[in-house]
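Biologist: Hey, got a minute to walk me through this one? I'd like to start with the strands and then look at some rings.

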Amino acid sequence: QVQLVESGGGLVQAGGSLRLSCAASGSIGDINVMGWYRQAPGKQRDLVADISSGGNTNYADSVKGRFTISRDSAKNAVYLQMNSLKPEDTAVYYCNADIIRTTADKRRYWGQGTQVTVSS
């Protein structure tokens with residue numbers, strides 16, 4: 001089985017920074033895209049940023065210039081450095097990974113989510 005475990009959420013004042021981490025473990029073959037989504041109360045889950053196995057990144061317009069996604073393929077890990085945080089960044093943040101276990105077993109896995117709260 002595959003498990004994604006996130007860490008690094010918490011409470012921070014506006015303008016502050018947090019770094020989220022997510023590591024995949026278990027029976028993993030290859031990992032393609034890894035990413036972060038977030039979901040605020042009463043809203044849908046939206047993409048924050050993702051990164052391909054080749055290092056290509058993609059960001060939501062609302063976080064460009066403030067957030068940086070990176071990954072460590074040797075550790076099957078993805079990170080999200082969040083700077084200049086705003087109250088509207090408050091949400092539960094979920095990591096995901098597109099994992100190939102076998103040629104017939106390719107799917108997206110999700111972490112359990114970590115709360116990020118930004119106070120004004």
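Modeller: Sure, we'll go through strand pairing, then the aromatic rings, then charges over rings. Keep in mind that this is a predicted model.

Biologist: Okay, which way do β4 and β9 pair, parallel or antiparallel?

Modeller: Antiparallel, over 8 bridges. β4 covers residues 30–39 and β9 covers residues 91–102. For a spot to look at, G35 stands opposite N96 in β9.

Biologist: And what do β9 and β10 form?

Modeller: A hairpin, with 2 residues between them. β10 is residues 105–110, and it pairs with β9 in the antiparallel sense over 6 bridges. There, A97 stands opposite Y109 in β10.

Biologist: How many bridges join β9 to β11?

Modeller: 3, and those two strands run antiparallel. A91 stands opposite V116 in β11.

Biologist: Switching to rings. How many aromatic pairs does the structure hold?

Modeller: Just 1. Y37 and W110 sit edge-to-face, 5.2 Å centre to centre with 70° between the planes. The pair links distant parts of the chain, with Y37 in β4 and W110 in β10, 73 residues apart.

Biologist: Is Y37 buried or exposed?

Modeller: Y37 is buried, because its relative accessible area is 18% and the cut-off for buried is under 20%. W110 counts as partly exposed, at 34%.

Biologist: Last topic: which ring does the charged end of R19 sit over?

Modeller: The ring of Y79, 4.5 Å from its centre. Also, R107 lies over the face of Y109, at 4.0 Å from the ring centre.

How values were computed. Residues numbered from 1 in each chain as written. Predicted model: local features only at pLDDT ≥ 70, side-chain atom pairs only at ≥ 80, totals over all residues. Heavy atoms only, no water. Pairing = 2+ DSSP bridges. Helix = DSSP H or I, 4+ residues; strand = E, 2+ residues; numbered from the N terminus. Phe/Tyr/Trp six-rings, centres within 6.5 Å; stacked < 30°, edge-to-face > 60°. Buried < 20%, exposed > 50% of the residue type's maximum accessible area, 1.4 Å probe, protein only. Lys NZ or Arg CZ within 6 Å of the ring centre and 35° of its normal.
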